[in-house]
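Here are a few exercises to work through with the model open in your viewer. Try each task before you read its solution.

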Amino acid sequence: MRVPTRSTTAFVPPTSRLTDVRTRPSPRPIGRVGAVPAVRGTPLRVKSAVKYSGRSDSLRVAATATDAPLGVFKLEYDISKDDATKSADWNEPVIVAVSGAAGQISNHLLFKIASGEVYGQDQPVALRLLGSDNSREALEGVAMELEDSLFPLLREVSIGIDPMDVFVDADWALLIGAKPRGPGMERADLLEMNGAIFVGQGKALNEVAKPTCKVCVVGNPCNTNALICMENAPNLDRKNFHALTRLDENRAKCQLALKAGVFYETVTNVTIWGNHSTTQVPDFVNAQIGGEKAMEVIDDSEWLETDFTPAIQTRGGLLIKKWGRSSAASTAVSIADAIKSLVTPTPEGDWFSTAVCTDGNPYGIEEGIIFSMPCRSNGDGSYEIVEGLEINDWLRERIKKSEDELTKEAECVSHLTGKLGGACELMGAEADTMLPGEV
Ligand code: LMR
């Protein structure tokens, strides 16, 4: 029987909290905000309840001093007392670092992860939450809500604003935080601004995360942000970097199911090719409905080409129009789906979409970019690209457009990926292609 590691509750004193990453000699443990006990079937037995002593003082300090601690309370728990009640086959906790942890997407995602829905009901989780200086109090609020939810599998919650702290020993890094494009900004400006964030996070992952860490980039423009992150983290396997296109896949499955009048589960083998932008290609050519070709079941090429395709490409924009902000709950669901697809074996004959490094890909896509393709996993967190899909002229032409876009984006950020030169051709509004949310 494997016994879950006891959650320690070391409290990091305020002094070094905001030490500059570049000058710090070695990574150090981060302050634990909460160490949440496993309580399967038993009342919560704690040695000492949540300690608020000093909490209000700390918060007052936090409001006025830049080096105030973020970890301001702790809960001590003797996990060995739970031995009799916990499941015999629990694993060691998986350490999941999440950036943008105080944002709306995370607010949905973290509770799914903590519930066991994502990594499995026998898999304890340690959450490491990365926020920004502006979101430090909100981050504490998130941690408090996680504590208050009494998730049995949630072993530990930590918060911080320095990726060098938060990414220590991470098994997974879910990089959600990024700045949205503001008025008057070109896509190239966004690439530059968010790119800088992903340089720092890539370097931090390189230095302090487990070399086997899996990275899923959600912050837009996610494909190129993932590229920047990957190029700045040479200690990590390039195959372990993903950009999220599962949301687009889910959107495509839903629309195909609605058109065909079937349940979503019936729709399989849906690929999103390319960039998570308006050039993405939702592949109805290889999609299946109830094991039959979707094109034959739907039997309406005009709808597939002129309604379905742009509807998926621009779905994020429509949602922003309706909501007044970008998708959050459905994005969180799709991140959970994307992780589940890597930690559980892919059903026979099916595949899922994720944007991965094109090195050695079987479709002749330019190497060295992050491009969404059909993948399968044996459930150990790795994947392989599915070969042999039919690429007809319609698909080829559009896949090429998305490839060109990503190649141009890669050139725009070449100074952030250690490559030489590269003229940035995404400057003008005409040449500019958009994120789903920018339409
Ligand atoms: C989405 O697809 O919903 C988002 O990526 C849109 C956005 O720009 O936030």
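**Exercise 1. Place E405: which helix does E405 lie in, and is E405 buried or exposed?**

Solution. Keep in mind that this is a predicted model.
- Step 1: find the element. E405 sits in helix α12, which covers residues 393–412.
- Step 2: check the accessibility. The cut-off for buried is under 20% relative accessible area. E405 comes in at 4%, so E405 counts as buried.
- Step 3: look across the chain. N275 is 130 residues away from E405 along the sequence, yet their C-alpha atoms are separated by 7.8 Å.

**Exercise 2. Move on to T417: where is T417 found, and which residues is T417 in contact with once neighbours within four places in sequence are left aside?**

Solution.
- Step 1: go past the end of the helix. T417 belongs to the segment after α12.
- Step 2: apply the burial cut-off again. With a relative accessible area of 9%, T417 is buried.
- Step 3: list the partners. Setting aside neighbours within four places in sequence, you get L227, I228 and E231 as contacts of T417.

**Exercise 3. Describe α7: how many of its residues are buried, and what span does the helix reach?**

Solution.
- Step 1: take the length. Helix α7 runs over residues 246–260, which makes 15 residues.
- Step 2: compare the span. From first C-alpha to last, α7 reaches 21 Å, close to the 21 Å expected at 1.5 Å a residue.
- Step 3: count burial. In α7, 11 of the 15 residues are buried, so the helix is largely enclosed by the rest of the structure. Among them are the charged residues R246, D248, E249, R251 and K253, along with L247, A252 and C254.
- Step 4: step off the end. Just after α7 comes G261, with a positive phi of about 70 degrees.

**Exercise 4. Stay with α7 and turn to the second largest pocket: what is its volume, and which element gives the most to its lining?**

Solution.
- Step 1: get the volume. The second largest pocket holds about 300 Å³ of space.
- Step 2: find the centre. There are 17 lining residues, and the closest to the centre of the pocket are R246, K253, S341, P347 and D350.
- Step 3: assign elements. Two or more lining residues come from each of α7 and α11, and α7 gives the most, with four residues.
- Step 4: sort by class. The lining of this pocket splits into six nonpolar, four polar and seven charged residues.

**Exercise 5. Look for closed space: how many cavities of 30 Å³ or more does the whole structure have, and which residues line the largest cavity?**

Solution.
- Step 1: search everything. Two cavities of 30 Å³ or more turn up, and the largest has a volume of about 70 Å³.
- Step 2: name the lining. The largest cavity is lined by W172, V215, C216, H242, A243, L244, A338, I339, L342, F352, S353 and T354.
- Step 3: map the residues to elements. Those giving two or more are strands β6 (214–217), β7 (241–243) and β13 (352–357), plus helix α11 (329–343).
- Step 4: classify. This lining has nine nonpolar residues, three polar and no charged.

**Exercise 6. Zoom out: what percentage of the residues in the protein is buried?**

Solution.
- Step 1: tally the elements. The protein has 12 helices and 15 strands.
- Step 2: read off burial. Of the 439 residues, 55% are buried.
- Step 3: check the surface. About 18,200 Å² is exposed, with 53% of that supplied by carbon and sulfur atoms.

Key: Residues numbered from 1 in each chain as written. Predicted model: local features only at pLDDT ≥ 70, side-chain atom pairs only at ≥ 80, totals over all residues. Heavy atoms only, no water. 1 Å grid on protein atoms, 1.4 Å probe; cavity = no way out; pocket = protein on both sides within 12 Å on 5 of 7 lines; lining within 4 Å. Points joined across faces, edges and corners; volume = space filled by probe spheres on them. Buried < 20%, exposed > 50% of the residue type's maximum accessible area, 1.4 Å probe, protein only. Areas by Shrake-Rupley, 256 points an atom, 1.4 Å probe, with all protein chains shown as cover. Expected span 1.5 Å × (residues − 1). Contact = heavy atoms within 4.5 Å.
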